[in-house]
Amino acid sequence: MSKEIKRVAVFTSGGDAPGMNAALRAVVRSGSYHDLHVFGIKRGYEGMIEGEIVRLERADVGNIIHRGGTFLKTARSEKFMTPEGRKLAYETLLAHDIDACVAIGGNGTFTGAHKFYEEFGIPIIGIPGTIDNDLYGTDLTIGFDTAVNTAIEAVDKIRDTADSHNRLFFIEVMGRHAGFIALNTGIGSGAGYVIIPESVRTIEDLVEELQMNARRKKLFSLVIVAEGSKIGGATQIAQKVQEKLDFYDIRVTIIGHLQRGGSPTAQDRVLASRLGHAAIEGLIAGQKDVMAGVINNEIVYVPLLDAITRTKGPDEDLQHLAEILAL
Ligand code: F6P
């Protein structure tokens, strides 16, 4: 029979995402509701290795639901990738009598969490927090909606100047391996073309479309490029297009880390609150080595191994829609 869970440690790891604070708040307050003792580990796995762990009470997570970033701070830990690092991390948990962990992060965080569970058997449950939305087993990850809203706001502003000058803009948004941010930003901002890693569209396809636009005297256009695009980032694509179509007045904007900050949207706050609560309820019910996600608006628990090894791509209908609406 599994040990009764009384002391839970929570941490954020990997790239921060707006809504992580709301998730931490929910974990602490749900834990307190169930009479658990909740601890916060600073700087993700780095802090776990270094023994940076503090008790968190209900009041410690007041006034944070609306803040971007993560008050526990975060890190991408190289040390945790080594067996020695994980052993040190385990010793910290033992020293504080921790019975279970809640890991808030993305693919790298869950890869570490799964390995840690396999090696030491500490029940661990993941909460998907990454702006990329690239985790299998949940329709949405915490931070994605805010990042898309931020990107759309930026594109709206670029649209004004692009239109005034009749310019072609290549706007790069984040998403190392997935095109969710780019596709949703493209549709939401009414962009003329979207380039994502999952697409088979080539530079030649883009050039052909831009040539068609030019024949119709349309020289103002917005092209959204996902950072992980297989045909290059916004700068490289812009160069290639300029070589072929020298009459276009081209500019490039890389939105970058702007997308990672800011106050979380209502959707991210509610999602984070639901998932933080679900993580605690899952642990109490005996869930371990899983991620709490939301599918069709229902809470689900998916094995961490599935979350990290299976892939989820943007909806093909959505990709088709972006093309139809851009015509
Ligand atoms: O995974 C989230 C993400 O923001 C990616 O979209 C981006 O490629 C990466 O993190 C950037 O990481 P860093 O902040 O470490 O440069």
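Here are a few notes on the empty space and the ligand in this model.

1. First, the ground rules: this is a predicted model, where local features need pLDDT of at least 70, side-chain atom pairs count only at pLDDT 80 or more, and totals for chains, interfaces and linings use all residues. Residues are numbered from 1 along each chain as its sequence is written, and side-chain values use heavy atoms, leaving out hydrogens and water.

2. Where does the ligand sit? Look in the largest pocket. A pocket is an open set of points on a 1 Å grid over the protein atoms alone, with protein on both sides within 12 Å along at least five of seven lines; "sits in" means that more than half of the ligand's atoms lie within 2 Å of its grid points.

3. Now check the neighbours, meaning residues with a heavy atom within 4 Å of the ligand. Among them are Arg-76, Thr-130, Glu-227 and His-257. By class, this shell has two nonpolar, three polar and five charged residues; Asp, Glu, Lys and Arg count as charged, Ala, Val, Leu, Ile, Met, Phe, Trp, Tyr, Cys and Pro as nonpolar, and the others, Gly among them, as polar.

4. Zoom in on the oxygen atoms of the ligand. A polar side-chain atom of Asp-132 is 2.7 Å from one such oxygen, and for Arg-260 the distance to a ligand oxygen is 2.8 Å. The side chain of Arg-176 has an N or O atom 3.0 Å from a ligand oxygen. Of the 400 Å² that the ligand exposes when taken alone, the protein buries 78% (Shrake-Rupley method, 1.4 Å probe).

How values were computed
A polar contact is a pair of N or O atoms within 3.5 Å; within protein, one must be able to donate a hydrogen and the other to accept it, and residues adjacent in sequence count only if both atoms are side-chain atoms. On a 1 Å grid over the protein atoms alone, a cavity is a set of points where a 1.4 Å probe fits but cannot get out, and a pocket is an open set with protein on both sides within 12 Å along at least five of seven lines; lining residues have an atom within 4 Å of a point.
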